[in-house]
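Colleague: I am new to this structure and would like a close look at a single part. Please take the cysteines and go through how they are placed and paired.

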Amino acid sequence: MSTPLYWISESKPIGRRAFLAVTSSLSAAALWSQRSFGAVTTQATFSDYPFQLGVASGEPRPESVVLWTRLAPKPLEGGGVPDVPIEVEWLIAEDEALTRVVQKGSVVATPDWAHSVHVEVEGLQPDRWYWYQFRAGGELSPKGRTRTMPPLELPVNRLRLAFASCQHFETGFYTAYEHMLREDLDLVIHLGDYIYEGPAKNGGVRRHVGPKLKTIADYRTRYAQYKSDPALQAMHAAVPWIVTWDDHEVENNYAGLTQEKPGTTEDEFRAQRAAAYKAYYEHMPLRRLQLPHGPDMSLYRRVSFGRLAEFYVLDTRQYRTQQPCGDGNKPPCEGVYDPQATILGETQRNWLLKGLEGSRAMWNALTQQVMMAKVDFTLGDAVTHSMDQWPGYEMDRRRVIRFLHEHKIRNPIVLTGDIHSNWANEIIADFDDLGSPTVAAEFVGTSISSGGDGKGNTENLSERLAENPFVKFYNAERGYVSCEITPQAWRSDYRTVEYVTRPGAPLKTRASFVVESGSPKLQTA
């Protein structure tokens, strides 16, 4: 597959440092000329409004941010754009009216990449809000708002973010995003299951378009359907997002190149994963550093908010070995303790530990997919753990926790999605010794819509918490987690809605927890 090319034209003059940053990141082909694409259509004619999938931004740095859109006048019919390269203009300004323009330029949206647009704007001022817009064929996109990060060396007093995951289109409305939009946030972190890969089914509140996903066309249509949701579009346009995937962006509970259920060969699944990864990139505000290469895509990375917080965005799907004991909740088998079994892969794990060891941030957050706490899901003497979560890869889990403990990493926090329920856990040094010291706090967020209407409690809750004393909160409603981070404390508020099978559910805060700097234990706020 070819590489999408980007360049800046007609840009407002920027400083030498920013110019070098821009030019050094461009491929040699992009520096040649527009002839790389053949004939580029500068005044396209569309059958309908081309910006129906909205706009988004992401990957903020102190002097840079990614702006995203995709031309799709017929989103559920292959996009509906002529099979030619099309010029898309963009601008970014200091005001919502877009009168104080700081940069503008144009990019080429190519058919090979579904006419998606990823503009890496450089040379911006740090720690500042901006507004942006695209234009193609005389049509203007919606406006978006974004921001840059504070400088790495700058002490920062406050960060507001929300994290979310698991937004099955068929099982519920995105009411939680409507409420999230009313919060004063700097960032949104999405922890995976942005789409679901299953075929269209009857009986839900909405219905998927298309079959079970296999091809690039299938995945593109599914992303287009999800991105057509107004609440999701509005939240993307409001603040920059940091994204990572879990399993349903490809296949439920897949592990590396192993599927949950047999049915296709490894080569066939490799082709499916390549299609899924390409479509993911096409629809997310990611940098060229994340460009997929066939069935491989480098998604783990660090994002810094000044000296206040460092986010280690992890990928617990692409590099993991097959679940040692098989999938599901099971008693631990011998394979759980296999030192070669891994959920991160050796390269990613070494990158994570090296980064944590050298971090100067006040808070160090692992933004990842599946629960790290070693929860026993069976009452009584029997013991079962989720083999798809970190306890299914016990030696990898122990390596990371031991490193946090022995190297005294400053204020580690784990942010988790996947499980369609809220949890607040203390990560202790040794889960075989429930009296061992607390090493980190884990905030597990529920789903936006997956699972349909949830419930605030569950049977035998007190007994379950008694068997897992490091679990301080559980709730199975839908929603998200809103966080306020200061040098003194990390506060997480569990925002929930009682129903998603019809619109209009009010927002409630079911629980709030605080972690004070220097003390990883959870305190009720």
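Modeller: Cys325 is buried, with a relative accessible area of 14%. This is a predicted model, and the values here are computed from it. The partner of Cys325 is Cys333, and the two form a disulfide with their sulfur atoms 1.9 Å apart. That distance falls within the 2.5 Å that a pair of cysteine sulfur atoms must meet to count as a disulfide. A disulfide is a covalent bond between the sulfur atoms of two cysteines. Cys333 has a relative accessibility of 26% and therefore counts as partly exposed, since buried means under 20% and exposed means over 50%. The bond also has a handedness: the torsion about the S-S bond of Cys325 and Cys333 is about -95°, so this disulfide is left-handed.

Two further cysteines need a separate account. Cys166 counts as buried, at 0% relative accessibility. The closest cysteine sulfur to that of Cys166 belongs to Cys483 and lies 16 Å away, which is too far for a bond. Seen from the other side, the sulfur of Cys483 has Cys166 as its closest cysteine sulfur, again at 16 Å and too far for a bond. Cys483 is buried as well, with a relative accessible area of 1%. The cut-off for a disulfide is 2.5 Å between sulfur atoms, and by this rule the count comes to 1 disulfide. That disulfide is the one formed by Cys325 and Cys333.

Conventions
Residues numbered from 1 in each chain as written. Predicted model: local features only at pLDDT ≥ 70, side-chain atom pairs only at ≥ 80, totals over all residues. Heavy atoms only, no water. Buried < 20%, exposed > 50% of the residue type's maximum accessible area, 1.4 Å probe, protein only.
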